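Q: Got a minute to go through this one with me? I'd like to start with the rings and then look at the ligand.

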Amino acid sequence: MVTRPIPEAGLNILETHCDLIINQRKAPLRYPELMNKVKGVNAILCFLNDKIDKQIMDAAGPSLKVISTFSTGYEHIDVSEAKRRRINVCYTGDILTETTADLAIGLMLSLGRRLVEADKYLRKGKWKYGWNPDLMIGSDLHHKTLGVIGLGKIGSAISRRAIGFGMKILFTKRNFVLNDFRKNKAFYKLEYCNLQRLVKDSDYIVISCTLNKDSYHLIDYEKIKMMKKNTYIINISRGKIIKEPDLIRGLKEGLIAGAGLDVFEDEPIRSNNPLIKMQNVVLLPHIGSASIDTRNKMSEIAASNIIYVLKGRQGLCKVKT
Ligand code: DGY
């Protein structure tokens, strides 16, 4: 059961080996529809929007051997329930790391150099006097401080790029081991610090940690109040790491300069969300991994995971339980 159309690269793999039920609509299946469609299947290829819980596993029945998500995150799958039933849970691993890091830099540049705002300004016919000494004055990246919350794979990829821009980098990391870090030459320009210092001293803050009970609403009004007025917050991870009403309040009160968000507490964002009317934000529809190459690779991995498991092997990228 493939819950939404996937790029051909993966589809071809599945078609060669399986009988397929595919939801051809762009919209995700509603929960009761999903429950209905999974009856008796051996594998489910799902997406972030599909809640795969005990009831869905019950509906699929004992034939279900593998759940493969077309994503790196797998918080929509009840992994412990799957483990109890000996169902393999697979994901697309780290394949999207570099693509997502590119987007984070894109958001930093869009905010700092006001790219989206300037484009809108020009298209609205507001550009009247040619070159203008005080038009769309923004903030540099070079020589500014970037705070990376969560120096995992994506956080490291963002840092490498930021070093190229001449930025100074502060970071936080769970289970940080200084000695391991020192051995890694790639990181010699980075400085570890606690979250308080990071939020106080950074000009750009990128959230690249995973969502878990410790990171839920990690950025709230208190933290925003500690930030500098010229700080931009970028979130390419999960919306729930920022307490969105607090961010909106902080932006309205001018506590920070702006926000670049690829993820939101509720996706899709509602049309009455105050962020939509704000000037100092850049809002993207969760496109961190959306490059042709990466989506093709994600499709191949998500499909191969299924074939590997159904042939009695381990999935290429298996969630560790
Ligand atoms: C993921 O894979 O978890 C991203 O958020 C979407 O590509």
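A: Sure. Y192 is partly exposed, with a relative accessible area of 40%. Keep in mind that this is a predicted model.

Q: Which ring does Y192 pair with, and how far apart are the centres?
A: The partner is F171. Their ring centres are 5.5 Å apart.

Q: Stacked, tilted or edge-to-face?
A: Tilted, because the planes of F171 and Y192 meet at 55°. Planes count as tilted when they are neither under 30 degrees apart nor over 60.

Q: Where do the two sit in the chain?
A: F171 is in strand β5, residues 168–172. Y192 is in strand β6, residues 190–192. They are 21 residues apart, so the pair links distant parts of the chain.

Q: And F171, buried or exposed?
A: Buried, because its relative accessibility is 0%.

Q: How many aromatic pairs are there in the whole structure?
A: A search finds four. One of them is Y74 with Y91, an edge-to-face pair. Its centres are 5.4 Å apart, with 80° between the planes.

Q: Which parts of the chain does that pair link?
A: Two loops, with the residues 17 apart. Y74 is in the loop between β2 (66–69) and α4 (79–84). Y91 is in the loop between β3 (88–90) and α5 (97–112).

Q: What's the relative accessible area of Y74?
A: It is 29%, so Y74 counts as partly exposed.

Q: Switching to charges over rings. What sits over Y221?
A: The charged end of R249, 3.6 Å from the ring centre. There is also R4, which lies over the face of F47 at 6.0 Å from the ring centre.

Q: OK, ligand now. Which residues are around it?
A: L48, S71, T72, G73, L96, R238, H286, S289 and M298.

Q: How does that shell divide by type?
A: Three nonpolar, five polar and one charged.

Q: Which side chains have a polar atom by a ligand oxygen?
A: H286 has a polar side-chain atom 2.7 Å from an oxygen of the ligand. In S289, a side-chain N or O atom is also 2.7 Å from a ligand oxygen.

Q: What about T72, backbone or side chain?
A: Backbone. A polar backbone atom of T72 is 2.6 Å from an oxygen atom of the ligand.

Q: How much of the ligand does the protein bury?
A: The protein buries 87% of the 230 Å² that the ligand exposes when taken alone.

Key:
Residues are numbered from 1 along each chain as its sequence is written. This is a predicted model: local features need pLDDT of at least 70, side-chain atom pairs count only at pLDDT 80 or more; totals for chains, interfaces and linings use all residues. Side-chain values use heavy atoms; hydrogens and water are left out. Rings of Phe, Tyr and Trp (its six-membered ring) pair if their centres lie within 6.5 Å; planes under 30 degrees apart count as stacked, over 60 as edge-to-face and the rest as tilted. Helices (H or I, at least four residues) and strands (E, at least two) are DSSP runs, numbered from the N terminus. Buried means under 20% relative accessible area, exposed over 50%, partly exposed in between (1.4 Å probe, protein chains only). A charge sits over a ring if NZ of Lys or CZ of Arg is within 6 Å of the ring centre and within 35 degrees of the ring normal. A residue is near a molecule or strand if one of its heavy atoms lies within 4 Å of it. A polar contact is a pair of N or O atoms within 3.5 Å; within protein, one must be able to donate a hydrogen and the other to accept it, and residues adjacent in sequence count only if both atoms are side-chain atoms. Accessible areas come from the Shrake-Rupley method with a 1.4 Å probe; for residues, only the protein chains shown count as cover. Ala, Val, Leu, Ile, Met, Phe, Trp, Tyr, Cys and Pro count as nonpolar, Asp, Glu, Lys and Arg as charged, and the others, Gly among them, as polar.
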